[in-house]
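Student: Before any terms are applied, may the structure be shown, so that each description can be set against its definition?

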Amino acid sequence: MAADKINGVCLAIDFGAGSGRVIAGSRCSGQEMELTELHRFVNRQVRLGDSLYWDFPALFSEMLEGIRCAAARGMHILSVAIDTWGVDFGLITLAGRLLSNPLCYRDSHTEGLPEAIWSDADALRTHYAESGIYPLSINTLYQLVALNRREPAMMEAAGKLLFMPDLFAFFLTGSATCERTIASTSELLTTDGEWNLPLIDRLGLPRHLFGELVDSGTLKGYIDRNILRSLGIGYDIPVIAAGGHDTACAVYASSANSTGEPHAFISSGTWSLFGQEIPSPVTSTEAYSSGYTNERAVGGTIRILQNIPGMWILQQLVKKWTANGSFTGYDDLIVAAERAEIDSLIDVDDASFVNPHDMEEAISLYCRDHAMTEPATEGEYAAVALRSLALRYHKAINGLNDILSPAQRPKAINIVGGGSRNAYLNRLTAQATGLPVVAGPVEATALGSIALQIETLTRLNLIP
């Protein structure tokens with residue numbers, strides 16, 4: 001890539017589980033990237049009856065608004081790429097219609113399915129060796145099995161399954177392909193990154209749902225010209241398959257900033273994705289026992305990681321305090337947490353914290369049931385949440401050290417994403433793990449997406 005300033009911008013369209021952003025970026029000189037946030041919006045779950053959905057049409061509209069904002073500012077858009085959270089998907093008909101709003105991974109209909117599907121521990125271990133993915137009820141596999149049991153007519157009507165970034169890209173371009181980093185979160189690929197068709201057959205899922213897999217750095221297609229006209233744009237815009245999974249983009253940015261020493265990463269947001277980039281999957285008994293999963297990374301390597309409830313617990317607490325008018329800001333809250341003299345700790349993985357009606361109440365009840373002091377102030381609740389999360393990181397690093405060779409074991413931890421701004425949690429993490437912590441970049445996902453777009457456009461001779 002030439003060091004000169006690029007004539008135009010790439011748009012990173014980043015959908016998180018709580019919010020989304022459209023960020024414009026271009027490389028100014030050398031490796032320096034200039035980022036501009038154009039549009040930010042809320043992503044919320046909607047309960048209809050006994051099911052929990054994402055509002056896909058609203059999110060698609062917000063994405064278009066972000067693209068329109070770039071054009072309205074006079075930016076020449078070189079390309080766009082879309083990343084999202086993992087495991088969720090939409091079904092489209094052969095005619096290209098969306099069958100239903102996508103279900104949210106926090107929907108309750110998959111509870112208990114891993115244990116029900118796999119007859120015993122040996123079957124689970126064999127499956128883990130095939131897929132490299134730790135079985136979690138939120139994964140696509142169990143969502144599809146649950147949907148097939150509850151709505152067989154919908155499955156029969158479906159023409160293709162598209163993961164969330166692929167679904168957004170389809171309605172931009174008409175291209176119905178699945179990018180590998182996001183597909184690898186499904187538990188339906190083999191460890192070599194292809195659809196596990198024998199497993200799909202055993203589960204009774206229609207083979208035709210599972211279409212072409214493409215690598216990150218692939219040209220998906222071009223934004224439909226009718227869409228471009230509605231946005232006031234008169235030129236073609238390519239859609240690049242960057243790392244479809246937001247963590248894949250973040251890890252790509254983390255790797256670019258690496259000193260070359262093995263390092264763990266924490267992509268810190270609603271979830272904390274804790275792991276390391278390695279050459280090939282690890283599916284040992286120790287990896288399975290530690291709950292590690294092997295997802296695809298940009299460039300064909302592996303992100304061996306754990307999904308840890310990250311800022312979710314604190315976010316839910318803040319949501320309540322904001323609603324009742326007591327929240328005065330994160331700065332005040334973190335100071336209060338640092339000063340809190342409470343030694344209670346919770347298991348952040350406990351099912352009671354997955355999606356409680358009231359997170360304060362869930363923490364108090366957990367402490368009461370485990371004969372610990374119940375928090376009494378917002379600072380104490382925040383302290384319990386953050387200190388417990390750091391303790392969970394300690395457990396994760398021990399598991400990582402157990403399954404990697406001595407030469408691969410991390411010498412530092414790079415925390416990226418919004419949670420990297422929490423200096424108190426960074427210090428707690430360094431103390432709990434015994435490893436130096438490097439914080440940032442905050443916008444790792446956008447940086448990774450834009451860097452990969454620039455590389456792809458250069459390789460395909462699409463940069464003017």
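Tutor: This is a predicted model. Of the 464 residues in the protein, 56% are buried. The protein has 17 helices and 18 strands.

Student: How do you know that the radius of gyration agrees with that of a compact globule?

Tutor: The rule takes 2.2 Å times the number of residues to the power 0.38. For 464 residues this gives a value near 23 Å, and the protein has 22 Å, so the two agree. Along the principal axes, the C-alpha trace spans about 65 × 50 × 50 Å. Of the contacts with a separation of 6 or more, 70% join residues 24 or more positions apart.

Student: Why is threonine 177 called buried?

Tutor: Buried means under 20% relative accessible area. Threonine 177 has 10%, and therefore it is buried. This residue lies in the loop between helix 6 and strand 9. Beyond its neighbours within four places in sequence, threonine 177 is in contact with Leu162, Asp166, Glu212, Val214 and Lys220.

Student: What describes the crossing of helix 1 and helix 6?

Tutor: Two packed helices are described by the angle between their axes and the distance between the axes. Here the axes of helix 1 (residues 56-72) and helix 6 (residues 164-173) come within 11 Å and cross at roughly 65 degrees. The crossing is right-handed. Helix 1 contributes Phe56, Leu59, Phe60, Met63 and Leu64 to the contact, and helix 6 contributes Met164, Leu167, Phe168, Phe171 and Leu172. These residues comprise 10 nonpolar, no polar and no charged.

Student: How do you know that the span of helix 12 agrees with the expected one?

Tutor: The expected span is 1.5 Å times one less than the number of residues. For the 13 residues of helix 12 (residues 312-324) this is 18 Å, and the end C-alpha atoms are 19 Å apart, which agrees. The buried residues of this helix are Trp312, Ile313, Leu314, Leu317, Val318 and Trp321. Their cover includes helix 13, helix 14 and helix 15. After helix 12 comes glycine 325, with a positive phi near 85 degrees.

Student: Why is helix 17 described as largely enclosed by the rest of the structure?

Tutor: In helix 17, 13 of the 16 residues are buried, so the helix is largely enclosed. Its end C-alpha atoms are 22 Å apart, and the expected span is also 22 Å, so these values agree. Just after helix 17, asparagine 461 has a positive phi of about 55 degrees.

Terms used:
Residues numbered from 1 in each chain as written. Predicted model: local features only at pLDDT ≥ 70, side-chain atom pairs only at ≥ 80, totals over all residues. Heavy atoms only, no water. Axes fitted to C-alpha atoms, helices over the stretch in contact; angles between N-to-C directions. Helix = DSSP H or I, 4+ residues; strand = E, 2+ residues; numbered from the N terminus. Left-handed = near helix turned anticlockwise from the far one by under 90°. Contact = heavy atoms within 4.5 Å. Nonpolar A, V, L, I, M, F, W, Y, C, P; charged D, E, K, R; others polar. Buried < 20%, exposed > 50% of the residue type's maximum accessible area, 1.4 Å probe, protein only.
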